[in-house]
Amino acid sequence: MRTLLVLGGGYGGLALIQQLLNNHLPHDVEIVLVDRMPYQGIKTEYYALAAGTVTDYHLRIQFPVHPRLTVRYGEVGSIHLDSRMIFLDSGEPISYDILAIALGCTDNFHNIPGAQEYACSIQSFAGTRETYRRLNDVKPYGTVNIVGGGLSGVEIASELRESRPDLNISIMDRGERILSSFPAKLSAYVEEWFNEHQVETMGRVSVSHVEKDAIFNGTQAIPADVTVWTAGIQPVQVVQQLELPKDRGGRLIVGKYYNIADYPEVYVIGDCASLPFAPSAQAAGAQGEQVGQIIQALWRNETPKLHKIRLKGTLGSLGKNAGFGLMGRRSVMGRVPRLLKSGVLWMSKRHFG
């Protein structure tokens, strides 16, 4: 039997597995999935778990069940490309013939002193559970500062406002405005929502260091009972440790078939891969499906034929009743994008579950 080893059961890894299982998997191929959890966590909704508006049970999708899919639970400790072997943290080795690295991302603290030690995260299920505990242990009228005014920061700030109307919430960014990668009109709409809901937005904040009860903008101390970090991501540590060509963000350089030049049997999917678009669940899922198509074509001794990945847009929530987004070049604001996001979540659960 040939072994296809998939590291990571997130959007990209599961899209690859579904593509293969649904399209006549060769009789001599087995798929092994390695993940640290016994289910997929819906990462796009971790902000709601952190805020306390959903339970983690509602953010779980069970892995597929198939006679030739084996799921191994554990943390990937190291990847040895020359020997075609990976080792779990427990020391257990797993060999492969084809490898798909879809391990996702972790926070990028930009080497800011105290950030990793004192700030909360929403990049993993375990980290998000701890963030939920810390946020909901804050006493009434306490202060929560969210560092990073991108999509994740905006969503957790708005969701926390609905969950904890008693808290003083601030969202800060080093740019002049939040959602700086979105059109100014859309950013202004979100700013207005925050103003109406008593969430303070702070621009031009360059965090110099973080302490247990404060963020420092240079020498200016900004008090905080809890600091939540949403100011950037990077590939997980085991990928950072690979001595392979990477882009400025630490993502692995891949070829047109998403594999590594010196190791063509190794594919990289999602947040670990250097791609021409921003990391997202949607992009990882589309790429994972294409990697499945590439592998299937090679199994048939055919040249893979790929279409250009076209992302459908970006949707964000402002609590449970409002939202915003980009559909192509069109900005959408209000209740409709929030309903659309709920529909995307429902379809995601049906597709993978």
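User: In this predicted model, are Tyr-39 and Phe-125 buried or exposed?

Analyst: The model is predicted, not experimental in origin. Buried means under 20% relative accessible area. Both Tyr-39 and Phe-125 are buried.

User: What kind of aromatic pair do Tyr-39 and Phe-125 form?

Analyst: The structure holds 5 aromatic pairs. In the pair of Tyr-39 and Phe-125, the ring centres are 5.8 Å apart and the planes meet at 85 degrees. Planes over 60 degrees apart count as edge-to-face. The pair is therefore edge-to-face.

User: How many residues apart in sequence are the parts that this pair ties together?

Analyst: Tyr-39 sits in the loop between β2 (29-35) and β3 (40-41). Phe-125 belongs to helix α4 (residues 125-137). So the pair ties together parts whose separation in sequence is 86 residues.

User: Which residues form one aromatic cluster with Tyr-39?

Analyst: Phe-125 pairs with Tyr-39. The cluster also takes in Tyr-46. With Tyr-39, the members are Tyr-46 and Phe-125.

User: Is the pair of Phe-109 and Trp-229 stacked, edge-to-face or tilted?

Analyst: The ring centres of Phe-109 and Trp-229 are 5.5 Å apart, with the planes at 45 degrees. Stacked needs under 30 degrees, and edge-to-face needs over 60. An angle of 45 degrees meets neither cut-off, so the pair is tilted.

User: Where in the chain does Trp-229 lie, and how many residues separate Trp-229 from Phe-109?

Analyst: Phe-109 is in the loop between β10 (105-107) and α3 (115-118). Trp-229 is in strand β17 (residues 226-229). The pair links distant parts of the chain, 120 residues apart.

User: What are the relative accessibilities of Phe-109 and Trp-229?

Analyst: The cut-off for buried is under 20%. Phe-109 is buried, at 14%. Trp-229 is also buried, and its value is 1%.

User: Why does Cys-120 form no disulfide?

Analyst: A search of the whole structure finds 0 disulfides. A disulfide needs sulfur atoms within 2.5 Å. For Cys-120, the closest cysteine sulfur is in Cys-105, too far for a bond because the distance is 17 Å.

User: Which cysteine sulfur is closest to that of Cys-272?

Analyst: Cys-272 counts as buried, at 0% relative accessibility. The closest cysteine sulfur is 8.0 Å away, too far for a bond. That sulfur belongs to Cys-105.

User: How does the lining of the second largest pocket divide?

Analyst: The second largest pocket holds about 180 Å³ of space. Its lining includes Val-254, Lys-256, Tyr-258, Phe-277 and Lys-308. Gly counts as polar here. The division is 6 nonpolar, 2 polar and 2 charged.

User: In the hairpin of β6 and β7, which residue takes a positive phi?

Analyst: Strand β6 (residues 76-80) and strand β7 (residues 85-88) pair in the antiparallel sense over 4 bridges. Ile-79 has Ile-86 as its bridge partner in β7. The hairpin has 4 residues between the strands. The residue with a positive phi, near 50 degrees, is Arg-84.

User: How many residues of helix α1 are buried?

Analyst: Helix α1 covers residues 11-21 and is mostly covered. Among its buried residues are Tyr-11, Leu-14, Gln-18 and Leu-21. The count is 11 of 11.

User: What distance separates the C-alpha atoms of Ile-94 and Thr-3?

Analyst: Ile-94 is placed in strand β8 (residues 93-95). Ile-94 is buried, with a relative accessible area of 5%. Along the chain, Ile-94 and Thr-3 are 91 residues apart. Their C-alpha separation is 9.7 Å.

How values were computed: Residues are numbered from 1 along each chain as its sequence is written. This is a predicted model: local features need pLDDT of at least 70, side-chain atom pairs count only at pLDDT 80 or more; totals for chains, interfaces and linings use all residues. Side-chain values use heavy atoms; hydrogens and water are left out. Rings of Phe, Tyr and Trp (its six-membered ring) pair if their centres lie within 6.5 Å; planes under 30 degrees apart count as stacked, over 60 as edge-to-face and the rest as tilted. Helices (H or I, at least four residues) and strands (E, at least two) are DSSP runs, numbered from the N terminus. Buried means under 20% relative accessible area, exposed over 50%, partly exposed in between (1.4 Å probe, protein chains only). On a 1 Å grid over the protein atoms alone, a cavity is a set of points where a 1.4 Å probe fits but cannot get out, and a pocket is an open set with protein on both sides within 12 Å along at least five of seven lines; lining residues have an atom within 4 Å of a point. Grid points are joined across faces, edges and corners, and a volume is the space filled by probe spheres set on the points. Two strands pair if DSSP finds at least two bridges between them.
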